[in-house]
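Visitor: Could you take me on a close look at one part of this protein, the largest pocket, and at what is built around it?

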Amino acid sequence: MEPIVNLEQLNVYLNKTPLFIDSISVFKKDFKLTFPITTAYGNFQKLTRYFPQILFKNEQGEIIPGIGECSPLNLPYYNSESSDTVNTALKYIIKSLKSNKEPITDINSFTKNYDWIVGHNIAKCGIEGAYWTALSYLHREPIKNLWGGTRKKVEAGVSLGIEDRIDNILIKVHIAVDRRNVKRVKVKIKPGMDITVIEAIRKKYPSIQLQVDANASYDLFNNEHLALLKELDNYNLVMIEQPGRNDDIYDHSKQLSNLSTPICLDESILNEMHGRQAIELWKEHSSLEKLIINIKPQRVGGYLEAIKIAHLCEISNVKAWCGGMYESGLGKTLNVILSSRPEFNLPGDYVSIAPYFINNPFQTLSYSNGFVDVPSIIFDNY
């Protein structure tokens, strides 16, 4: 299975207009969450977001602005990145971009300037977002068109954190399903806070699309943990997301092959190569029908890499969806636009029972009756 690198094959816009870096700035903003979020790896009440702004100029000297978003957690418990490491990585990326004297055209000529940096995918994603919003401004085209998006609306799901009482999670599910009419509910779990929670939700909502996210909290060689995961087969779940270690692909495919519920890999997939390896392992040890891949642009280092993984999933008959990192309106908008591509076939985490952030200065997406409208805006000095 050869990796796809041809932009035309991917239906991604091939920019040929020469651009040059004029200046790069990074804006930092601390957002306070409307409700604290608890996952298997911790609780957080505020998040720091970085917004790289790049001012390109064309051969006529006209300025073309672009802006992106970096969405790390404040501590390195989701992956190896944090708000501090993103801040540091951005300095290296910016230095590399500023030292380049060659014209920038397509996305590959842009990212090659910092491809030498190992990891730091969240920082890379924010920088790449600035490139795409600049192209939108330059060519007066919605990013949806630049990325080969086809849908006008995408199905929207909600992600709910761990609660200390079952009544609390049931209240949030009630708001999501009965008031917000979301298409899918995702609930965070961990050992000891799993079966009773899902059983209570299923008793009240027997037919909703329901999935769980373990955030790497189960030991795939612990018999008690394996028994809990097997018991989840009884609740007609869409998927169990990332039950095992966040750096594992192999053991998921072997240790969980007896589960009937599909396994979704999130933290384990950092690039197209990891996606290919997961697909090959599931084909050997389990079934591709039982593999799902969550594609987060922030986690995989950018939107082009996300598109490559999505294309790989489609040609392999593996389901895929676009997850999020609690982005502000800017990052969430780009995620929704990405999901307008035909390869994404499951609802993403696009709505919440209340706004994620108390003060969010960016665009609010239009949501109605389980669907989010895909923005067709021109990024005009956003």
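Guide: Happy to. A pocket here is an open set of grid points with protein on both sides within 12 Å along at least five of seven lines, and a residue counts as lining if it has an atom within 4 Å of a point. Keep in mind that this is a predicted model.

With that in hand, the lining of the largest pocket comes to 29 residues, and those nearest its centre are N121, K124, L270, V300 and G301. Four elements give two or more residues each to this lining: α2 (107–111), α3 (121–139), α10 (297–300) and α11 (303–315). The space inside is about 620 Å³. As for chemistry, the lining holds 13 polar, 9 charged and 7 nonpolar residues.

Now let's follow α3 away from the pocket. This helix lies across β2 and β3, and runs at about 135° to β3. Those strands belong to an open sheet of 3 strands, ordered β1-β2-β3, with antiparallel pairing. The edges are taken by β1 (20–39) and β3 (63–67); each has a single partner strand, so one side of each is left without a neighbour in the sheet. On average, neighbouring strands of the sheet are turned by 15° against each other, direction ignored.

In general, strands of a sheet pair through backbone hydrogen bonds, in a parallel or antiparallel way. Here, β1 and β2 (residues 42–57) are paired in the antiparallel sense over 15 bridges. If you want a spot to find on screen, look for V26, which stands opposite P52 in β2.

Notes
Residues are numbered from 1 along each chain as its sequence is written. This is a predicted model: local features need pLDDT of at least 70, side-chain atom pairs count only at pLDDT 80 or more; totals for chains, interfaces and linings use all residues. Side-chain values use heavy atoms; hydrogens and water are left out. On a 1 Å grid over the protein atoms alone, a cavity is a set of points where a 1.4 Å probe fits but cannot get out, and a pocket is an open set with protein on both sides within 12 Å along at least five of seven lines; lining residues have an atom within 4 Å of a point. Grid points are joined across faces, edges and corners, and a volume is the space filled by probe spheres set on the points. Ala, Val, Leu, Ile, Met, Phe, Trp, Tyr, Cys and Pro count as nonpolar, Asp, Glu, Lys and Arg as charged, and the others, Gly among them, as polar. Two strands pair if DSSP finds at least two bridges between them. Axes are lines fitted to C-alpha atoms, for helices over the stretch in contact, and angles run from 0 to 180 degrees between N-to-C directions. Contact means heavy atoms within 4.5 Å.
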